[in-house]
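Trainee: I've got a fold to go through and would like to talk it over with you. Can we put it on the screen?

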Amino acid sequence: MRKKKKSLTEVSALGQYIPMSVHKARRVIDQIRGRSYKETLMILELMPYRACYPILKFIYSAAANAKHNRGFEKEDLIVCKAEVNKGTTRKKLKPRARGRSYLIKRPTCHITIVLKDISYYKKTYETLDNREKYLPSNFRLKSSGAIWDKK
């Protein structure tokens, strides 16, 4: 198994064995991926799904990790990676009529939230924008609109 390289601009929060379905959590996660920290909080507070509360807690936790461990400002954070993976399924038996039993399956999921500090990238993009103004027009990338045929 390979170890991940720790980035200097990323901070994460991981929650395992959260008692909810993967599909229900992904419905919420897909809405917040790529958004800023403040916008994410607003979206999660206003969405009517039950999965929003645990995800909101992970967003708060990741932001607190960023503030405490790395000294990042919360205004400069964006959700760069948010994923939900399937966890183990808890199985319980419910007694039924005539001595039989009925299997109840309770799904769990693992939620990973990664926040990225974009203050470093903002400075880089500002200098790139200034450079692009002075480039000749033939150096700028444009799509040709060509359609490739299969042969």
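Mentor: Sure, and one cut-off before we start: a residue is called buried under 20% relative accessible area, and exposed over 50%. Keep in mind that this is a predicted model.

Trainee: Okay, then is Asp117 buried or exposed?

Mentor: Asp117 sits in strand S3. Its relative accessibility comes to 7%, and the cut-off for burial is under 20%. So Asp117 counts as buried.

Trainee: Which residue does the side chain of Asp117 join in a polar contact?

Mentor: Leave out the neighbours within four places in sequence, and Asp117 is in contact with Thr9, Phe72, Asp76 and Leu77. The polar contact is another matter: it runs between side chains at 2.9 Å, and the partner of Asp117 is Ser119.

Trainee: Now the sheet. What is the order of its strands?

Mentor: It's an open sheet of 3 strands with antiparallel pairing. Strands S1 (10-18) and S2 (77-95) are the edges, each pairing on one side only. From one strand to the next, the twist averages 10°. With those two at the edges, the order reads S1-S3-S2.

Trainee: And which residue is the bridge partner of Asn85 in S3?

Mentor: Look at S2 and S3 (residues 101-117), which pair in the antiparallel sense over 16 bridges. Asn85 has its bridge partner in S3, and that's His110.

Trainee: Last one: which helix packs on the sheet?

Mentor: Look for residues 52-70, which touch S1, S2 and S3. Their helix direction makes about 145° with that of S1. That's helix H3.

Note on methods: Residues are numbered from 1 along each chain as its sequence is written. This is a predicted model: local features need pLDDT of at least 70, side-chain atom pairs count only at pLDDT 80 or more; totals for chains, interfaces and linings use all residues. Side-chain values use heavy atoms; hydrogens and water are left out. Two strands pair if DSSP finds at least two bridges between them. Helices (H or I, at least four residues) and strands (E, at least two) are DSSP runs, numbered from the N terminus. Axes are lines fitted to C-alpha atoms, for helices over the stretch in contact, and angles run from 0 to 180 degrees between N-to-C directions. Contact means heavy atoms within 4.5 Å. Buried means under 20% relative accessible area, exposed over 50%, partly exposed in between (1.4 Å probe, protein chains only). A polar contact is a pair of N or O atoms within 3.5 Å; within protein, one must be able to donate a hydrogen and the other to accept it, and residues adjacent in sequence count only if both atoms are side-chain atoms.
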